[in-house]
Amino acid sequence: MNDRLVRGIGVSPGVAYAPAVVVRWELPDVPDRTVSAGDVEGEVTRLHTAVSAVAAELDMLRQRVLQRAGEEESRIFDAQILMVSDVEFLKEVEYLIRNNQLSAETAFEFKSLELRNLWGTSGSARLRERVADLSAVQMRMLQRLLGVHEDRLWKGEEGERVIVVAHELSPGLTVQFDRDYVVGLVSEEGTRTSHAAILAHSLGIPAVMGAVGALSRITAGTPLLIDGQSGAVLLDPTPQEREETMAYIIRRRRLDFELQATLNQPCETADGHRIHLLGNVDLPEEIEPAQLNGAEGVGLLRTEFLVVGRANLPTEDEQATYFRRIADAFHDHQVVIRSFDLGGDKFPAAFQAPPEANPFLGWRSIRVCLDQPEIFRPQLRAVLRAAKDRPIKLMLPLVTTVEEVLESRALLTAESQALRSAGVPAAESVPVGVMIETPAAVIIADQLARVSDFFSVGTNDLTQYTLAVDRGNARLADRFTSHHPSIIRQLKIVAEAAARAGISASVCGEMASDPFSAILLVGLGFDTLSVSPQDLPLIKWVIRKVPVDAAREAAQRALDAATAEGVENAIREVVKQYIDMRLLGSGTLLPGRSRPANVQRAGTKM
Ligand code: PEP
Ligand code: MG
């Protein structure tokens, strides 16, 4: 069986069986072709016809995404539309056609390569994002000009269901998949916390990323069985393997039934210890699943989707409207708005950021906000305005110093006074929480607690910064584990610091969305978990099965463990006394990458 198994990371849960469609997101070969002087104007016309067609295609995709997902996601295409119709760029292409008598595709390719070289070597995450946009535009243009345009890219024959296999899935590509046809995704690059993975999860498409070697082994039409929890991709599954998977699916359906039954129950341990279970909202389309799945509010409202891929930053009004919309959807429940966490892998097209050798250690997040008050102040004003009569809180990402919190608070107070002087209806203030995402913040958690109204641990970044493992690097995915003893010990420090200061301690990183880790976190003393909307029912169900003392015992054993595997075994030993482990097992009974069967690594799914 192993020669038919490709192991990756389960990034969006669910099992899918369908033939593969291989998306070679590679630029077509462009022959160097010159044209006669008489054909030059014809080539210029061909260029503009292709530009119009591609712009219309992108606009059509934008509209489609707007209907299916929402305004913010549809903006991913704005940057590409702007790029393909950039007048200056097209003038330079025309110049090459007219003066060098190059064919439209040769000239377009030449100018695009020039731009790619310029941007690609800059080292800036923002420009890398632009290179990805440029590639998308280049691909569509060259396919048009070379006559190899594929209209039916995402569907199988006769609208058959397919699993898309690609080297890399960008958020722009992922968001355009039609769930009716694309029932699964496999990519060689990407991790649980990459943005394409988060989007696949939001769209409810089972996905496996970091499946190294998938493209060399999977050809178009190969039947695939994928498990978006364990990260297994099985080629040509036998009838027995399919049956086993069906048995698993049936068990899961029974579980789903049980999950449904807990929807209106409180989130409390088997012996009545109350935990607040909130939803993480990255996209507007997650509001509804979060509501339906019983979120007691939003524990992490990521605001980056308001800016990524857009030509301009959102206005204060636009942000206030968005925040009000979210808060109204959750009535009297709290909504925790995280200030812009820009930088790293999340820079908007509009943003002028200098190239950096180490963007994740660079100018990002709260540092950008504090250095660029013209970005931060309108966001603070929008938060205050939306918070009028609504239980909205503000949360600051990537804090490493007390001064960052004090400075942010001072800006908030200044904006509140300015709004009041101008007679604009707004809350006088809002609770300000700190994200604990760096070892620095953990170590000074007692000091941060004095200036914070609550803590929320971002385990994705905390793991990345503690272990010195890039969260987006598929090659390091096996090393990215929030079960490393160093993380467990830091979590304890944070929970204790919060308890001593009498403030709430929450976890909103991916770790909280994993059922085993959720028990560990409860046992460590966290009173709030904020998880992906799809995971709310499972997390509540697990919490309701286990008494708090057992969770504490699991936490104690985990704190004594020397390795990540020891931590995982410690949790399993306790949890299995209360839960049928097969229900949480992998669909194909196969492990994902370098992971013992049924052992969960934080940041991935079982
Ligand atoms: C985290 O780092 O765990 C987190 C919740 O923030 P993000 O994933 O948006 O960086
Ligand atoms: Mg983070």
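Modeller: Before we start, one definition: two strands count as paired if DSSP finds at least two bridges between them. Please also keep in mind that this is a predicted model.

Colleague: Thanks! With that in hand, how many bridges join β9 to strand β16?

Modeller: Strand β9 covers residues 276-281, and strand β16 covers residues 528-531. The two run parallel, and L278 has S530 as its bridge partner in β16. The number of bridges joining β9 to β16 is four.

Colleague: Which residue of β10 is the bridge partner of V281?

Modeller: β9 also runs parallel to β10 (residues 298-301), with three bridges joining them. In β10, V281 has as its bridge partner L301.

Colleague: Why is strand β9 described as largely enclosed by the rest of the structure?

Modeller: Here the burial of single residues is what to look at, and buried means under 20% relative accessible area. Strand β9 has six residues, and it is largely enclosed because the number of them that are buried is five.

Colleague: Let's move on to β15. Which residue of β16 does V507 stand opposite?

Modeller: On one side of the pairing list, β14 (residues 454-457) and β15 (residues 504-507) are parallel over four bridges, and V457 stands opposite V507. β15 also pairs with β16 in the parallel sense, over two bridges. There, V507 stands opposite L529.

Colleague: Now the metal. Which residues are the protein donors of the magnesium ion?

Modeller: The ion is ligand 2, and its protein donors lie 2.0 to 2.1 Å from it. One donates through OE and the other through OD. Both residues are buried. They are E437 and D461.

Colleague: How many residues apart in sequence are the parts that this pair ties together?

Modeller: E437 sits in the loop between β13 (432-436) and α16 (439-443). D461 belongs to helix α18, residues 459-467. The pair therefore ties together parts whose separation in sequence is 24 residues.

Colleague: And ligand 1: which residues around it come nearest?

Modeller: There are 14 residues around ligand 1. By class, this shell has seven charged, four polar and three nonpolar residues, and α18 supplies the largest share, three residues. Those that come nearest are R302, E437, G458, N460 and R471.

Colleague: What percentage of the accessible area that ligand 1 has on its own does the protein cover?

Modeller: Polar side-chain atoms reach oxygen atoms of ligand 1 from several residues: E437 at 2.8 Å, R471 at 2.8 Å and R338 at 2.9 Å. On its own, ligand 1 has 290 Å² of accessible area, and the share covered by the protein is 100%.

Colleague: Is F376 buried or exposed?

Modeller: F376 lies in helix α14, residues 373-386. Its C-alpha atom is separated by 7.8 Å from that of F340, although the two residues are 36 apart along the chain. Since buried means under 20% relative accessible area, the 0% of F376 makes it buried.

Colleague: One last stop, at R4. Which residue's side chain makes a polar contact with the side chain of R4?

Modeller: R4 is placed in the segment before β1 (5-7). A polar atom of the R4 side chain lies 3.1 Å from the backbone oxygen of D236. The contact between side chains, at 2.9 Å, is with E241.

Notes: Residues are numbered from 1 along each chain as its sequence is written. Chains are lettered from A and ligands numbered from 1 in the order in which they are written. This is a predicted model: local features need pLDDT of at least 70, side-chain atom pairs count only at pLDDT 80 or more; totals for chains, interfaces and linings use all residues. Side-chain values use heavy atoms; hydrogens and water are left out. Donors are N, O and S atoms within 2.8 Å of the metal (3.2 Å for Na, K and Ca); water is not among the atoms, so sites may look incomplete. Buried means under 20% relative accessible area, exposed over 50%, partly exposed in between (1.4 Å probe, protein chains only). A residue is near a molecule or strand if one of its heavy atoms lies within 4 Å of it. A polar contact is a pair of N or O atoms within 3.5 Å; within protein, one must be able to donate a hydrogen and the other to accept it, and residues adjacent in sequence count only if both atoms are side-chain atoms. Accessible areas come from the Shrake-Rupley method with a 1.4 Å probe; for residues, only the protein chains shown count as cover. Ala, Val, Leu, Ile, Met, Phe, Trp, Tyr, Cys and Pro count as nonpolar, Asp, Glu, Lys and Arg as charged, and the others, Gly among them, as polar.
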